[in-house]
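Here are a few exercises on helix packing, each with a worked solution. Have a look at the model first, then work through the steps.

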Amino acid sequence: MKGKILIVDDQFGIRILLNEVFQKEGYTTFQAANGIQALDIVKKHSPDLVLLDMKIPGMDGIEILKRMKIIDPEIRVIIMTAYGELDMIQEAKDLGAITHFAKPFDIDDIRNAVKVYADRNQGV
């Protein structure tokens, strides 16, 4: 059985795209448009991997990441950003993000990263 993936992005189209790709791959997927929804899903469903956009209105990706790590210090997070903000990427990595992708991303690159990182609870 494949893992659980949480997709956090305020852009509906990106959430739908990633949701379709990973459901077809056999993952259980959850979607959140903002930080409050994302944190609620982390509490209720303990996803194995989070794909987290950095630029979300309200609670930004850094704040969401900090709060997720409080809920689950072992949670695996891949960040996505449309901005070349190296300091934000570095801060996210310092907080425990495992890797990052710049938008527009290559879907195959994200698919491959998910295969590597989503199996936390599958004995890998």
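This is a predicted model, and we start with what packs over helix H3.

**Exercise 1.** Find what covers the buried residues of H3, then work out where on the helix those residues lie.

*Solution.* Start with the cover: it includes strand S1 (4–8), helix H2 (35–45), strand S3 (49–53), strand S4 (76–81) and helix H4 (86–94). Next, list what is buried in H3 (residues 61–71): Gly61, Ile62, Ile64, Leu65, Met68 and Lys69. Now look down the axis of H3: these buried residues fall within an arc of 160°, so they line one face of the helix. As background, an α-helix has 3.6 residues a turn, so residues three or four places apart point the same way.

**Exercise 2.** Take H2 against H3: how do their axes cross, and which residues meet?

*Solution.* The two axes come within 10 Å and cross at roughly 15°. Angles under 35 degrees count as roughly parallel, so H2 is roughly parallel to H3. The crossing is right-handed. On the H2 side you'll find Gly35, Ala38, Leu39, Val42 and Lys43, meeting Ile64, Arg67, Met68 and Ile71 of H3. Sorted by class, that contact has six nonpolar, one polar and two charged residues.

**Exercise 3.** Now do H1 and H5: at what angle do the axes cross, and what classes of residue make the contact?

*Solution.* The axes of H1 (residues 12–24) and H5 (residues 107–117) come within 11 Å and cross at roughly 50°. That makes H1 oblique to H5, and the crossing is right-handed. Leu17, Leu18, Val21 and Phe22 in H1 touch Ile107, Ile110, Arg111 and Val114 in H5. The tally by class is seven nonpolar, no polar and one charged.

Terms used. Residues are numbered from 1 along each chain as its sequence is written. This is a predicted model: local features need pLDDT of at least 70, side-chain atom pairs count only at pLDDT 80 or more; totals for chains, interfaces and linings use all residues. Side-chain values use heavy atoms; hydrogens and water are left out. Axes are lines fitted to C-alpha atoms, for helices over the stretch in contact, and angles run from 0 to 180 degrees between N-to-C directions. Helices (H or I, at least four residues) and strands (E, at least two) are DSSP runs, numbered from the N terminus. Angles under 35 degrees count as roughly parallel, over 145 as roughly antiparallel, 65 to 115 as roughly perpendicular and the rest as oblique. A crossing is left-handed if the near helix is turned anticlockwise from the far one by less than a right angle, and right-handed if clockwise. Contact means heavy atoms within 4.5 Å. Ala, Val, Leu, Ile, Met, Phe, Trp, Tyr, Cys and Pro count as nonpolar, Asp, Glu, Lys and Arg as charged, and the others, Gly among them, as polar. Buried means under 20% relative accessible area, exposed over 50%, partly exposed in between (1.4 Å probe, protein chains only). The arc is that of the directions from the helix axis to the C-beta atoms.
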